[in-house]
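Morning, everyone, and thanks for making room for me on the agenda. Have a look at the structure while I talk, and stop me whenever you like.

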Amino acid sequence: MSQIGIFYGSTTGTTEEVARRIGDKLGVAASDIHEASSLNTECIIRYEVLLLGSSTWGAGELQDDWYDALKTLKAQDLGNKFVVLFGCGDSDSYADTFCDAIGIIYEELKESGCTFCGMTDPSGYTFDKSIAVVHGKFAGLPLDEDNESSQTEARIDKWIAQLRTECIH
């Protein structure tokens, strides 16, 4: 099985909880689930697959821990890495910036040489606009624990099945 590291930025604990749920479903050890603030060169080297999760704040802003973490990632050669994105947002109150953090991380890393996987069809999501939508698909898995939590398990399960065909073996 691929060596997987999960890194999350979470201010209120929602994205952390989602990261742990994803980790459980993938069989990732708790010791391989980290706060984004602890991301360092050793972590990047250790993992073949990097799952990166962030909540979206304010008017489409990245969670604070990701600013330094992205600098660390961009300073590395990610040419042999799979990068998988997920995020939490509020599609009701912030319908025009829903899960923008996924899009911000994607934009920051798209020239890094990594291979992205886990793009998600936006059908079935309720939102107006998101920079996380790239070439007609979300650049990762968006989740709305505020308004659509009843769909989270099914969305995670479908996404993990997709990851197992794309990049997690």
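Let me start with a small puzzle: where is the place of H135? If you follow the chain, you find H135 in the loop between β7 (133–134) and β8 (137–138). Before going on, please keep in mind that this is a predicted model.

I picked H135 for its backbone. Its phi is near 55°, which is a positive value in a residue other than glycine. As background, most residues other than glycine have a negative phi. Is H135 buried or exposed? H135 counts as exposed, because its relative accessibility is 77% and the cut-off for that label is over 50%.

Now turn to C99, where phi is also near 55° and positive, again in a residue other than glycine. C99 sits in the loop between β5 and α4 (100–109). Here the surroundings are another story: C99 is buried, with a relative accessible area of 1%. So we have a positive phi at a buried C99 and a positive phi at an exposed H135.

Just after C99 we run into α4, so let's stay there for a moment. Why do I call this helix largely enclosed by the rest of the structure? Because seven of the 10 residues of α4 are buried. Those buried residues are D100, A101, I102, G103, I105, Y106 and L109.

On to the strands, beginning with β1, residues 4–9. Six of the six residues in β1 are buried. I4, I6 and Y8 point one way from the strand, while G5, F7 and G9 point the other way, and both sets are buried. What does β1 pair with? There are six bridges to β3, running parallel, and three bridges to β2 (residues 33–35), also parallel. If you want landmarks, Y8 stands opposite E35 in β2, and G9 has S54 in β3 as its bridge partner.

From β3 we can carry on to β5, residues 82–88. Seven bridges join β3 and β5, and once again the two run parallel. β5 then pairs with β6 (residues 115–117) over three bridges in the parallel sense, and there V83 has F116 as its bridge partner. β5 is mostly covered as well, with six of its seven residues buried.

One residue ties several of these strands together for me, and that is S54 in β3. S54 is the bridge partner of G9 in β1, and S54 also stands opposite G87 in β5. Buried or exposed, which is S54? Buried, because its relative accessibility is 1% and the cut-off is under 20%. Leaving aside neighbours within four places in sequence, its contacts include G9, T15, Q63, W66, F86, G87, A101 and I105. Notice that A101 and I105 are among the buried residues of α4 that I listed earlier.

Next, the core. How many residues does the largest nonpolar core have? It has 53, and those with the most contacts inside it are L51, L52, W66 and L73. Take L51 as a guide: beyond four places in sequence, it is in contact with I4, G5, I6 and F7, among others. The contacts of L51 also include I22, L26, V84, F86 and W159.

Last stop, the pockets. The largest one holds about 300 Å³ of space. It is lined by 19 residues, and T56, C88, G89, D90 and D146 lie nearest its centre. Which element supplies the largest share of that lining? That would be β3, with three residues; α1 (14–26) also supplies at least two. By class, the lining has five nonpolar, 11 polar and three charged residues.

The second largest pocket has about 180 Å³ of space. Its lining includes T120, D121, Y125, L141, R155, K158 and W159. Helix α5 (residues 152–166) gives the most here, with five residues. The classes in this lining are four nonpolar, three polar and three charged. And W159 brings us back to the core, as one of the contacts of L51.

That's my tour, so over to you for questions.

Notes. Residues are numbered from 1 along each chain as its sequence is written. This is a predicted model: local features need pLDDT of at least 70, side-chain atom pairs count only at pLDDT 80 or more; totals for chains, interfaces and linings use all residues. Side-chain values use heavy atoms; hydrogens and water are left out. A nonpolar core is a set of buried Ala, Val, Leu, Ile, Met, Phe, Trp, Tyr and Cys residues joined through side-chain atoms within 4.5 Å. Buried means under 20% relative accessible area, exposed over 50%, partly exposed in between (1.4 Å probe, protein chains only). Contact means heavy atoms within 4.5 Å. On a 1 Å grid over the protein atoms alone, a cavity is a set of points where a 1.4 Å probe fits but cannot get out, and a pocket is an open set with protein on both sides within 12 Å along at least five of seven lines; lining residues have an atom within 4 Å of a point. Grid points are joined across faces, edges and corners, and a volume is the space filled by probe spheres set on the points. Helices (H or I, at least four residues) and strands (E, at least two) are DSSP runs, numbered from the N terminus. Ala, Val, Leu, Ile, Met, Phe, Trp, Tyr, Cys and Pro count as nonpolar, Asp, Glu, Lys and Arg as charged, and the others, Gly among them, as polar. Two strands pair if DSSP finds at least two bridges between them.
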